[in-house]
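I opened the notebook to record what I looked up, chain by chain and then across the interface. The entries follow the order in which I checked things.

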Amino acid sequence: MSHSLITPSVVSNTGTPALEIRGLGKTFPLGGLFSRDSVRALHGIDLTIGKGEIVALVGESGSGKSTLARCVARLEKPSSGEILIDGVDVLKRDRFQASRAFRSQLQMVFQDPFGSLNPAHRMDHFLRRSLAIHGKSGRSERETQSRLEELMTTVGLQADMLNSYPHELSGGQRQRVAIARALAVEPQVILADEPTSMLDVSVRIGVLNLMRKLRDEQGISMLYITHDLASARYLADRTAVMFAGEFVEEGESLDLLANPAHPYTQLLVSAVPDPARAGSYDPVRRAELRKAVMASQHCAFHGDPNQACSSEEPVRHQVGDPENRHWVRCHLYRPWAAASGHALASEPLPPSHPASNAQEKASA
Amino acid sequence: MTISQVSFGSHEPVLDIKNLTVKYIGDTRSTTAVDRVSFSIGTGEVFGLAGESGCGKSTIANSIMRLLKDPAKIAAGSISFGGKDVLAMSPEELRRFRWQDVAMVFQSAMNSLNPVLTIGEQIVDIFTTHAGYSRKESMRRAGELLELVRIDAARLKSYPHQLSGGMRQRAVIAMAVALKPSLLILDEPTTALDVVVQQEIMAQIKELQRELGFSVLFITHDMSLMVELSHRMAVMYGGRIVETAKAQDVYATPRHPYTQALMGAFPPLSGPRLPLTGLPDGVKFRNIPDLSEAAPGHFVAPFGADASVAESANLEGAAR
């Protein structure tokens with residue numbers, strides 16, 4: 001899958017990246033047994049996460065964020081592409097399902113801390129099982145116990161909470177236990193799928209701060225999936241914007257959100273509620289942005305001799321200083337009508353492109 | 001309470017709540033969900049009620065609509081709407097009061113549409129039941145109503161599943177304002193929606209509010225959204241109001257530590273990346289005293305070493 005001219009950003013710290021995704025694609029079959037229709041949930045995803053780096057993935061519901069997370073976590077089988085952890089293609093190494101070795105390299109933290117902890121067990125149980133399954137228990141009971149207490153301290157909980165049941169803890173505390181459970185395995189990469197969206201607002205920042213602390217102190221890499229642009233800006237080193245199953249823009253978080261180049265990113269940024277710019281909502285501008293997202297007529301980089309551009313293939317353009325590792329996919333390239341209609345839900349569907357649909361079926 | 005004197009719209013309050021106390025009564029113990037809460041909403045005013053889950057904000061909304069069911073009981077206080085005592089209404093008066101005087105949009109309202117009836121049938125239902133119009137007249141008005149929220153009247157024939165989440169939510173808002181209520185209660189109206197759609201719905205509500213001139217009680221946990229929409233707002237914690245003032249004043253100078261924590265929970269989209277703290281895990285305020293005026297029109301519950309207790313993490317304290 002070489003659809004990009006600029007190779008995915010070079011990670012600043014040298015060495016093998018912690019997680020590398022190359023040309024990942026996923027199609028879901030539609031209809032009955034003999035139907036040949038399919039919906040393309042992911043297409044040509046390239047992403048590199050360096051050691052000790054947090055990358056945020058933002059987009060609206062239906063843009064494919066969670067499908068990407070499920071593919072990377074091997075809960076879903078990708079249709080194409082490679083997932084490299086420490087330079088090893090895990091899809092080739094463990095062909096059919098994720099191995100324990102893979103699970104000890106990559107752990108997940110889910111959205112719902114109320115559903116992800118069994119109510120019948122004490123905190124002690126969750127952490128002990130993580131340790132036992134991955135062979136990380138101590139040689140003696142005392143060693144294991146001190147490891148558990150250390151884990152609790154790391155995530156900012158008191159050791160005596162090991163004896164409590166999930167219902168005795170608040171949402172924020174439960175999410176901390178879920179993070180401790182992931183940490184017990186000593187993973188290289190943590191995949192956090194909307195870890196704060198079910199928490200009370202006042203404790204969300206605490207969980208984000210904890211994730212940042214883990215990166216700073218233990219060098220853990222994270223893929224932080226969220227729909228909240230402000231929290232991506234707060235936590236992540238880099239941010240990638242997803243639209244209709246493809247990345248449309250990526251760059252250093254501060255630069256990307258300050259100078260969004262793709263109309264879809266501009267649309268997202270303009271919609272974040274912010275009292276500092278109250279009353280900035282402009283229906284005319286909104287309609288223009290929507291139109292630009294659905295059917296771009298104009299490429300902002302047209303005429304730049306350094307940028308190769310064509311309306312047939314998506315081309316990545318560099319935005320601003322190369323230091324910001326900020327690129328945007330050509331605005332003129334747009335994904336299939338069906339997928340984009342899903343992502344911008346309140347807009348009526350544009351007329352479908354019969355040619356591209358046929359192409360889609362052929363490739364599926 | 002002097003708060004009822006400060007209102008943004010006209011001086012005649014549409015809704016006046018005084019010392020409302022709601023208890024959930026159990027066999028062995030009871031919980032006070034709303035504790036001596038007073039506020040009023042003026043004509044054409046948007047009043048925001050902010051707070052986290054479990055602070056009692058939805059219980060207040062349900063008390064106003066008289067929707068509380070056992071074991072919840074209004075233990076004390078009064079709710080008056082346009083001079084009428086809501087708590088003393090007969091079932092027949094209540095039936096007219098709901099929807100005609102006060103309408104409510106619930107959090108997952110878009111899922112409250114009946115999946116086997118078209119949007120048109122459901123709107124016509126409101127007009128024939130509450131306003132006594134003929135079917136034909138009702139249908140015409142239903143079309144107008146949808147156009148008011150920028151949905152094509154042809155959509156009257158659509159079933160809910162044929163509309164997107166944002167369109168369904170707009171249809172529900174249209175239904176809420178169908179009978180021109182003087183108060184609209186919005187309980188987290190956009191929580192389940194994407195930001196882009198959320199912003200468009202909020203703009204829609206603002207526009208409707210300017211056009212039809214109703215008052216709004218807006219309930220949410222999203223402070224940024226609340227400050228954008230509301231004229232005045234109150235912050236609730238543990239069943240008590242800890243701070244109330246003009247929304248811009250609360251945004252500019254939050255005075256109560258809990259309000260400050262809520263404000264600090266939303267990282268900004270511009271400026272340098274500064275570390276934020278939020279509310280430390282397990283911190284709890286107890287025995288929140290009555291509000292006192294900290295600045296003109298800005299009421300804050302006194303806090304400090306003796307008045308309200310901020311405790312560090314422990315199991316009882318954190319069981320919120």
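Entry 1, chain A overall. I began with the contacts in chain A between residues at least 6 apart in sequence, and found that 68% of them join residues at least 24 apart. This is a predicted model, so I kept the confidence values for an entry of their own. I counted 13 helices and 12 strands in chain A, and I noted that buried residues make up 47% of its 364 residues.

Entry 2, a sheet in chain A. I traced an open sheet of 4 strands in chain A, with the order 2-1-4-5 and antiparallel pairing. Its edges are strand 2 (38–49) and strand 5 (88–89) of chain A, each of which pairs on one side only. I then looked at strand 1 (residues 19–29) and strand 4 (residues 80–85) of chain A, which are joined by 5 bridges in the antiparallel sense, and there I found I21(A) opposite I83(A) of strand 4. Helix 1 (residues 65–72) of chain A lies across strand 1, strand 2 and strand 4 of chain A, and I noted that it runs at about 65° to strand 2 of chain A.

Entry 3, chain B overall. I listed 10 helices and 12 strands for chain B, with 46% of its 320 residues buried. Of the contacts in chain B with a separation of 6 or more, 66% are between residues 24 or more positions apart. I took the box filled by the C-alpha atoms along the principal axes, and it came to roughly 65 × 50 × 40 Å for chain B. I also compared the radius of gyration with what the chain length suggests: a compact globule of 320 residues would have a value near 20 Å, and chain B has 20 Å, so the two agree.

Entry 4, strand 3 of chain B. Is this strand buried or exposed? I found strand 3 (residues 46–50) of chain B mostly covered, with 5 of its 5 residues buried. V46(B), G48(B) and A50(B) point one way from the strand, while F47(B) and L49(B) point the other way, and all are buried. I then asked which strands pair with strand 3 of chain B, and recorded two of them. Strand 8 (residues 215–220) of chain B pairs with strand 3 in the parallel sense over 5 bridges, and within that pairing V216(B) is the bridge partner of V46(B). Strand 9 (residues 232–237) of chain B also runs parallel to strand 3, to which 4 bridges join it, and I saw F47(B) standing opposite R232(B) of strand 9.

Entry 5, helix 1 of chain B. I checked helix 1 (residues 57–64) of chain B in the same spirit, and found it mostly covered, with 8 of its 8 residues buried. Among the buried residues of this helix I wrote down K57(B), T59(B) and N62(B), together with I60(B) and I64(B). R66(B) follows helix 1 of chain B, and I noted its positive phi, near 55°.

Entry 6, S80(B). I located S80(B) in strand 4 (residues 72–81) of chain B. S80(B) has 17 C-beta neighbours inside 10 Å, and therefore counts as partly exposed. Leaving aside neighbours within four places in sequence, I found S80(B) in contact with D16(B), D85(B) and V86(B). I also took the separation between the C-alpha atoms of S80(B) and T277(B), which are 197 residues apart along the chain, and it is 40 Å.

Entry 7, the interface. I found 40 residues of chain B in contact with 36 residues of chain A. On the chain B side, helix 5 (165–176), helix 6 (195–212), helix 7 (223–229), helix 9 (257–264) and helix 10 (315–318) each supply at least two residues. The largest share of that side, 6 residues, comes from helix 6 of chain B. By class, I recorded 22 nonpolar, 10 polar and 8 charged residues on the side of chain B that touches chain A.

Entry 8, confidence. The model scores ipTM 0.80 and pTM 0.82. For chain B I noted a mean pLDDT of 85, with 90% of its residues at 70 or more. I marked two stretches of chain B for caution: over residues 1–9 pLDDT stays under 50, and the model has 24 contacts beyond four places in sequence for them, while over residues 305–320 pLDDT also stays under 50, with 34 such contacts.

Note on methods: Residues are numbered from 1 along each chain as its sequence is written. Chains are lettered from A and ligands numbered from 1 in the order in which they are written. This is a predicted model: local features need pLDDT of at least 70, side-chain atom pairs count only at pLDDT 80 or more; totals for chains, interfaces and linings use all residues. A residue is buried if 20 or more other C-beta atoms lie within 10 Å of its own, exposed if 12 or fewer, and partly exposed in between; C-beta atoms are placed from the backbone. Two strands pair if DSSP finds at least two bridges between them. Two residues are in contact if their C-beta atoms, placed from the backbone, lie within 7 Å. Axes are lines fitted to C-alpha atoms, for helices over the stretch in contact, and angles run from 0 to 180 degrees between N-to-C directions. Ala, Val, Leu, Ile, Met, Phe, Trp, Tyr, Cys and Pro count as nonpolar, Asp, Glu, Lys and Arg as charged, and the others, Gly among them, as polar. pLDDT is the predictor's confidence in each residue, from 0 to 100. The radius of gyration is taken over C-alpha atoms; the globule rule is 2.2 Å times the number of residues to the power 0.38.
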